[in-house]
Amino acid sequence: MTFWRLFAFALSIIIIIININVAVTDSKGIPSTLDGPFDAVTVPYDVSLRGNAVDLPDTDPRVRRRVNGFQPEQISVSLSVNYDSVWISWVTGEFQIGDNIKPLDPDSVASVVRYGRTRFPLTHEATGYSLVYNQLYPFEGLQNYTSGIIHHVRLTGLKPSTLYYYRCGDPSISAMSDIYHFRTMPVSSPWSYPKRIAVVGDLGLTYNTTDTITHLTRNKPDLVLLVGDVTYANLYLTNGTGSDCYDCSFPHAPIHETYQPRWDYWGRFMQSVISKTPIMVVEGNHEIEEQAGNQRFAAYSSRFAFPSKESNSSSTFYYSFNAGGIHFIMLGAYVAYSKSAEQYKWLERDLANVDRSMTPWLVAAWHPPWYSSYQAHYKEAECMRMEMEELLYSYGVDIVFNGHVHAYERSNRVYNYTLDPCGPVHIIVGDGGNREKMAIEHADEPGNCPEPSSTHDASLGGFCATNFTSGPAAGKFCWDRQPDYSAFRESSFGHGILEVKNETWALWTWYRNQDLNSKVGDQIYIVRQPDMCPVHITLPKRWFADS
């Protein structure tokens, strides 16, 4: 036993040395955060990169229903808290929309997944739960919606970095899917990481979205992170009439309507990707979808499986999970986040129990950015920043991913609007391809600084945006040049790929959509410096529930 322990230790050291050498070799010609802070760069806006921000119609074969009866569709995989468990989700039966809808009975169809490490036979079986949700409007002339039966099944006892095959459905009525496959995450350790993690935001379902997903798929990610604004179903009336600007086109609507079938179209379009590559989602403002009884987020909370319970969260809006040596924290900007709120208390507990010797990288994601220099949504999430930034900084969060602003921007390391070598790198990827098109105006350009009160968004809580009190912009609401915290910005649709090389080096690449190919628009090594940036001591007792 002693021999094998020594052998395993020696092997781990060899792997670490190899990874460090690979990172150093690969980094030639690519800047790293060690070279920063960087002078601000703005890539001039190129209208040819704007893409075709027109929604796919319901006649497009990629969004049409291709199954019969209660056969599964809209199949997806999502992670639990660790490598040994995943969720499989799907929909059976047809949605209904109209004046007289009758919800399907969730108990009428079983939720079964058969799976194994070979295609034949699938030796394991797991069962789960099912539900339907309704989107109801108490106004004459508005159409109500009831979903198909949504199924969620959790598979447990899985091996790390292992390919599994699966079928889902109800075998008792001969309604099983084809055979699909997924690969589990690596074991959590400082030398074990997913090869590539795709990060996208504000996707929607436009022709430009299809370009983004095509390019993303070519990069063969092991995991997809979607940082909010999924389908943009709320750019439509319940009769299917849509607009690039809902409030502009429908100013007299008695309630903000949605066209829920867009969720089904999105699930069908995305199935080819997320039935084999796990996707982790956090809510954005377009998922609010208010309805009768002041209900919100019904589609978001129903259609995706979240490791909330496994990560001791009581909400679908915030949770955490591990992917190899990375601990991900997904936060909710559209639910209470103050220091007295349950989300903040949960975040304190989660951070205190992160074992940085096993998951050296700490990555956080939520929808609206704290550090953006674009005019759109400028300082909109300032209240959330003031409540949570110090806590995240004190635990040494390495990277923050956001969406919301329909453009790309990467920050220098920053904390409290000050350049700080121990602060996280904030990256905005709200450029997935949605119908609302691109953000192109910068708040620091003449005439573009918004009036402070106009930046208030009631769905994000209170109003906290004020003038800067220090630095080059002291006494002003906006900088008069690209802010020091902004390292690189470009208005173009695209997606990002994170490749963690070892416990201190990670390669970030942002790919813009350009013509038929995916072009590298920004690339940098993000380097952790744990010796220079100490963090809170990890509590000795593991907090995660057994999975």
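## Strand β19 and its neighbours

Strand β18 (residues 326-330) and β19 run parallel, with five bridges joining the two. This is a predicted model, so read what follows with that in mind. Within the pairing, F328 is the residue that stands opposite V363 in β19.

How many residues of strand β19 are buried? Five of the five in residues 361-365 are, so the strand is largely enclosed by the rest of the structure. In a regular strand, side chains alternate between the two faces of the sheet. Here both faces of β19 are covered: W361, V363 and A365 are buried on one side, and L362 and A364 are buried on the other.

## Helix α6 and Q343

Helix α6 has a set of buried residues: Q343, Y344, W346, L347, D350, L351 and A352. What covers them? The cover includes β18 and β19 again, along with β17 (319-323) and α7 (382-394).

Q343 deserves a closer look. It lies in helix α6 (residues 342-352), and its relative accessibility is 1%, so it counts as buried. Its side chain has a polar atom 3.0 Å from the backbone oxygen of A336. Leaving aside residues up to four places away in sequence, Q343 touches Y318, L331, G332, V335, A336, Y337 and M388. A336 therefore turns up both in that contact list and as the owner of the backbone oxygen.

## Aromatic pairs

There are 33 aromatic pairs in the structure. One of them is Y408 with W510: the ring centres are 4.2 Å apart and the planes sit at 5°, so this pair is stacked. It links distant parts of the chain, with Y408 in strand β21 (residues 408-411) and W510 in strand β27 (residues 505-514), 102 residues apart. Are these two buried or exposed? Y408 and W510 are both buried.

Ring pairs also build a cluster out of W263, W266, F297, Y300, F304, F306, F317, Y319, F321 and F328. F328 is a familiar name by now, as the residue opposite V363 in β19.

## Charges over rings

Which ring does K379 lie over? K379 lies over the face of F468, at 3.6 Å from the ring centre. R410 does something similar with its charged end, which sits over the ring of F38, 5.9 Å from the centre.

## Salt bridges

Side chains of opposite charge can pair when their charged atoms come close. This structure holds 23 salt bridges. R410 shows up here too: its side chain meets that of D522 in a salt bridge, at 2.7 Å from N to O. The two come from distant parts of the chain, R410 in strand β21 and D522 in strand β28 (residues 517-527), 112 residues apart. R410 and D522 are both buried.

D244 and K437 form another salt bridge, with the closest N and O atoms 3.5 Å apart. D244 is in the loop between β15 (223-226) and α3 (246-249), while K437 is in the loop between β24 (425-429) and β25 (486-490), so the pair ties together parts that are 193 residues apart in sequence. D244 has a relative accessible area of 31% and is partly exposed; K437, at 31% relative accessibility, counts as partly exposed. Both residues belong to a salt-bridge network that links D55, D244, R262, R435 and K437.

Then there's R62 with D60, whose side chains meet in a salt bridge at 2.9 Å, N to O. What is the relative accessibility of R62? It is 34%, so R62 counts as partly exposed. D60 comes in at 9%, under the 20% cut-off, so D60 counts as buried.

## A three-stranded sheet

Finally, an open sheet. Three strands make it up, in the order β4-β9-β8, and the pairing is antiparallel. Which strands are at the edges? They are β4 (96-98) and β8 (134-135), each of which pairs on one side only.

Between β8 and strand β9 (residues 144-146), which run antiparallel, there are two bridges. Q135 has its bridge partner in β9, namely Y145.

Conventions:
Residues are numbered from 1 along each chain as its sequence is written. This is a predicted model: local features need pLDDT of at least 70, side-chain atom pairs count only at pLDDT 80 or more; totals for chains, interfaces and linings use all residues. Side-chain values use heavy atoms; hydrogens and water are left out. Rings of Phe, Tyr and Trp (its six-membered ring) pair if their centres lie within 6.5 Å; planes under 30 degrees apart count as stacked, over 60 as edge-to-face and the rest as tilted. Helices (H or I, at least four residues) and strands (E, at least two) are DSSP runs, numbered from the N terminus. Buried means under 20% relative accessible area, exposed over 50%, partly exposed in between (1.4 Å probe, protein chains only). A charge sits over a ring if NZ of Lys or CZ of Arg is within 6 Å of the ring centre and within 35 degrees of the ring normal. Two strands pair if DSSP finds at least two bridges between them. A polar contact is a pair of N or O atoms within 3.5 Å; within protein, one must be able to donate a hydrogen and the other to accept it, and residues adjacent in sequence count only if both atoms are side-chain atoms. Contact means heavy atoms within 4.5 Å. A salt bridge is a side-chain nitrogen of Lys or Arg within 4 Å of a carboxyl oxygen of Asp or Glu.
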